[in-house]
Amino acid sequence: MHPAFQAILTIIIGVGGCVGYFYFSNQFLDKVVFPSRGPNAGRNITRANMVRPWLFLFPALAALSIYLAYPVVETLRLSLTERLPGNRSQFVGFANYQQMLSEAKFKEALLNNLLWLVVVPAFSTAFGLLAAQLSDRVRWGNIAKSLIFMPMAISFVGAAVIWKLVYDTRPIDQEQIGALNALYLFFGGDAPVTWMTQIPWNSFLLMAVLVWIQTGFAMVILSAALRGIPEETIEAAIVDGANPFQVFFKIKVPQIMSTIVVVWTTITIVVLKVFDIVFAMTNGQWETQVLANYMYDKLFRANDWGVGSASAMVIMLLVSPILIWNVYNARKEMQ
Amino acid sequence: MSAIVGTKSSLTWAVHLSLVAMVVLWLFPTVGLLVSSFRTTDQISTSGWWNSLSSSEQNLTLRTDAPDTQIEKDGLFIIEGNLFGEASDADISVWGTSSRSIDDYTPGDVAELKNGTTVTVAANGDYLMQSEVPMDGRRGQRVFVTAQTPPEFTLDNYRNVLLDKNNRQGMTKAFFNTLTVTIPATVIPVLVAAFAAYALAWMDFPGRALLVAAVVGLLVVPLQLALIPLLKLHNEIGIGKGYLGAWLAHTGFGLPLAIYLLRNYMVGLPRDIIENAKVDGATDFQIFVKIILPLSFPALASFAIFQFLWTWNDLLVALVFLIDSSGETTVMTKQIVELLGTRGGNWEILATSAFVSIAVPLGVFFAMQRYLVRGLLAGSVK
C-alpha cells in the first residue's frame, strides 16, 4: 500500500475512531448503562455524570501512562538489570551505574552537559532579553522579532547543516567558504582552522547553534513580559532621573524576574534533551559528547540497554528538580 | 520611552544599529545556506557565498575541444571555440597552460605547446589552437584561466535533488514519508487532548487536581526514557518499526503539552455560556462539540503548529520507532544526516536537501506566527 494512502487511511481511522469513541461511549453511557428515564432517572443522571469525565479522559490517560509514565518505571528497572541471552534479564543492582561512572566517555558527556546547561540558557536568555528590549523600541521591531524568531521553525538537523557551512574549512591555498574561517583569516589568523576538532572550542561552537535557535523563544516570552510592566513604574524612575540603563536593569529586569526564570528552566530542559545537533555535527567525537547522544550510542550502537537506561535515568535525575518545581507551582496556582 | 523624556538621544541610533546587527547575525547562516543551494558545485567550492552577488574572480581549469574536432584550413590544423562552451560574460585577466604557472599569458598572447602547436585565448574565452601537423590525443588542451565571472544562480540543484528520476538523493521519497508521519501525528493528539482538557477544565470529579499536576510533571519527562521500553513494547505487541509506532509515539509525547495548553485555554472561557447551555439541557458532549471546540480554535491551532513543527523536525523518534533496516520509511532529517556523512563535501546537495526540508516549516511559521507566539506564551509553565 502506498504510504500516502496509508496516511490518509490512518487519519480517517484515527480521527473517525476518536470521534466515534467519544460519541458512542457517551451514547452508551446515557442510553444503556444509566438511562435517564424510568424510576431511577435522577440517580442515573448523577451516576452517568460521575463516569463521564473518565470517558473523556480515557484515551489521553491511556496514552500518557503507556508512553510516558510506564517508560519511567521500566527504564528504572532496566537500569538495574542486565540483558541475558534469550530475552531474559537479571537483577544486577547498581553495577550498570558503576560501569557507567568508570567510563571516560560518560564523564566527558556529563561535564559537557553541565557546561551546556550553564552556557546555552544564559546566552539565549541574555540575547533574548536584549532582542526583546531593542525591538520594543523601534518601529520595525515586529519584523526584527520575526526574523530572530525564525530559527525556532528550523529542525536541529537543518540547523546543523546551516552551521556546518559556517564552520567549514578549506585548505590554506584555497579560498575559504566557511564564514568563520574567512573572518578568522581576515582578522589576521595564520591558517584556516578545522573548528570541529578544536577542543574545547568545538563544544562552544555546537552550543552556539542551540543559542541561535533558542534566542527567539526567549525573546518572544520576555518581550510579552516587558510589555506587561506597568508604565507608571518606568515613568516614576525617569522622573527621578534614572538613565535608560538604570531603568532597564533596576526597574524592568527585577519586575520580569519570574518570567526570566521560566524561560531559563524551559531552555534548560531543551538542553538536557539535546541530541540531534551533536549527532549530526560531530557525533560526540573530539570530546563533544553529551548525555543524550551518549545514551543513544549505548542503546543502539553498543546495544547495552543496562548502561543506556542508567544514563537515561541520569537525564531524568537532572530534570526532576524542574519537574518538582513546576508541579509545586501548578498546584499552588490551582488552589 | 524617549517620547516621555522628550529628547531623541544618540541612544536611539545605538538601538537601531544594535538591532540591525543582531538581525543580520541571526539571518546570516540561513541566508548562506539558501544562497549556496542556488550555486553550482564550482562556485560553492571556490568562493564564499557572500561573494556570489558580486562578480567573482575565479581560477578555473577549462579544456579546449578534443583533437578529433580539428579541421584543416590553408594547410593548418585548427581547433576553434570558446573555453566556457558558449559565449559568456566572463572576463579573463590572465591564463596559462600549466598548472604550475597559471598566469603566464594575458588575453591575446600566443602560447607555444609541444609539437609546434600554438594556442591563443581572448578575454571572453574564445580560443584558437593551430598546428602544422595533425594534433593527436583524446582530450583537449587544458587551459588555466583567472576570470571575472558575473554572478550566476542555478536551479539545477533543486532539479537534481527533487526531480531526479533515479532519486539518488532519496529526498523526494523522504519528503512524502515525512508528510506521512506528520499529518496523523498532528491531528490525532489534538483531538484526544481536547476531550481530556475539557474534562480537566470543566467537569468536576475527584482526583482532578492530581491529574493536572501529573500532566504538568509529564511535560518535562525526557522522551529519551521512553525509547527502549516502548521499542520493546512495540515489538511485543507486533507493531515493530513503522508508521503506526511513530504515530503512536508522537501522539504520546505530544499529549502533555496539548492537554496543558488546551486546559489552560478552556479554563479561561466564560463560565456563563457553559452554564446556560447546561441549564438549557445540553449534554457535556454537545457542549464540548458545539461550544468549547469552536471557541478554543486559537489554542487548537497553536498546539497543532507546535506538534507539526516538532514532528516534521524530529530525528530521534524516527530513528528509533520508524526507520527499519530497509530504509524505505526514511524521513528527511535522517536523510540529511546520512548525506552529511557520505556527501559531507557536496555542499550543493546538502544545502538544497536541507532547504527542501526547512521550507515547509518556515512557510508554516511565517503564515501562522501569531498562533505560535500565543501558544508559546500560554505553554511556558508559570
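# Reading a two-chain model

Of the 382 residues in chain B, 53% count as buried. This is a predicted model.

User: How do I read "buried"? What share of the 335 residues in chain A is buried?

Analyst: Look at relative accessible area. A residue is buried when that value is under 20%. In chain A, buried residues make up 52% of the 335 residues.

User: And the surface that remains? How much area does each chain expose, and what do carbon and sulfur atoms supply?

Analyst: Chain A exposes about 15900 Å², and carbon and sulfur atoms supply 66% of it. Chain B exposes about 16900 Å², with 57% from carbon and sulfur atoms.

User: Next, secondary structure. How many helices and strands does each chain have?

Analyst: Count them chain by chain. Chain A comes to 14 helices and two strands. Chain B has 15 helices and eight strands.

User: Is chain B compact or spread out?

Analyst: Compare its radius of gyration with what the globule rule gives. For 382 residues the rule gives 21 Å. Chain B has 32 Å, well over that value, so chain B is more spread out than a compact globule. The spans add to the picture. Along its principal axes, the C-alpha trace of chain B covers about 110 × 70 × 35 Å.

User: What are the matching values for chain A?

Analyst: The radius of gyration of chain A is 27 Å, while a compact globule of 335 residues would have one near 20 Å. The C-alpha trace of chain A spans about 90 × 70 × 45 Å along its principal axes.

User: Which domains are assigned in each chain?

Analyst: Take chain A to begin with. Its assignment gives domain 1 (1-68) and domain 2 (97-334). Chain B is divided into domain 1 (12-51), domain 2 (56-150) and domain 3 (161-377).

User: How far apart are the domain centres?

Analyst: Use centres taken over C-alpha atoms. In chain A, 42 Å separate the centres of domain 1 and domain 2. In chain B, the centres of domain 2 and domain 3 are separated by 59 Å.

User: What share of contacts joins residues 24 or more positions apart?

Analyst: Consider contacts with a sequence separation of 6 or more. In chain B, residues 24 or more positions apart account for 70% of them. In chain A, such residues account for 63%.

User: Now a single residue. Where does V209(A) lie, and what does V209(A) touch?

Analyst: Find its element, then its partners. V209(A) sits in helix α8 (residues 201-227) of chain A. Set aside neighbours within four places in sequence. V209(A) is then in contact with A159(A), W163(A), Y167(A), I277(A) and M281(A). Distance along the chain is another matter. V209(A) and K164(A) are 45 residues apart in sequence, yet 9.8 Å apart in space, C-alpha to C-alpha.

User: Why does V209(A) count as buried?

Analyst: V209(A) counts as buried because its relative accessibility is 0%.

User: Let me try T352(B). Where is T352(B), and is T352(B) buried or exposed?

Analyst: T352(B) belongs to helix α14 (residues 347-367) of chain B. T352(B) counts as buried, at 0% relative accessibility. Beyond four places in sequence, T352(B) touches S37(B), N157(B), Y158(B), V161(B) and W347(B).

User: Which residues does Q369(B) touch?

Analyst: Read the chain letters with care. Leaving out residues up to four places away in sequence, Q369(B) touches S146(A), F149(A) and V364(B). Q369(B) is found in helix α15 (residues 369-379) of chain B. Q369(B) is buried, because its relative accessible area is 18% and the cut-off is under 20%. The C-alpha atoms of Q369(B) and M135(B) are separated by 66 Å, and the two residues are 234 apart along the chain.

User: Where is G327(B), and why does G327(B) count as partly exposed?

Analyst: G327(B) is in the loop between α12 (316-322) and α13 (332-342) of chain B. G327(B) counts as partly exposed because its relative accessibility is 22%. G327(B) and A174(B) are 153 residues apart in sequence and 9.8 Å apart in space, C-alpha to C-alpha.

User: Last one: how do α10 and α11 of chain B meet?

Analyst: Check the axes, then the residues. The axes of helix α10 (residues 284-295) and helix α11 (residues 297-313) of chain B come within 5 Å and cross at roughly 60 degrees. L293(B), P294(B) and L295(B) in α10(B) meet F297(B), P298(B) and L300(B) in α11(B). By class, this contact has six nonpolar, no polar and no charged residues.

How values were computed:
Residues are numbered from 1 along each chain as its sequence is written. Chains are lettered from A and ligands numbered from 1 in the order in which they are written. This is a predicted model: local features need pLDDT of at least 70, side-chain atom pairs count only at pLDDT 80 or more; totals for chains, interfaces and linings use all residues. Side-chain values use heavy atoms; hydrogens and water are left out. Axes are lines fitted to C-alpha atoms, for helices over the stretch in contact, and angles run from 0 to 180 degrees between N-to-C directions. Helices (H or I, at least four residues) and strands (E, at least two) are DSSP runs, numbered from the N terminus. Contact means heavy atoms within 4.5 Å. Ala, Val, Leu, Ile, Met, Phe, Trp, Tyr, Cys and Pro count as nonpolar, Asp, Glu, Lys and Arg as charged, and the others, Gly among them, as polar. Buried means under 20% relative accessible area, exposed over 50%, partly exposed in between (1.4 Å probe, protein chains only). The radius of gyration is taken over C-alpha atoms; the globule rule is 2.2 Å times the number of residues to the power 0.38. Accessible areas come from the Shrake-Rupley method with a 1.4 Å probe; for residues, only the protein chains shown count as cover. Domain bounds come from an automatic or database domain assignment.
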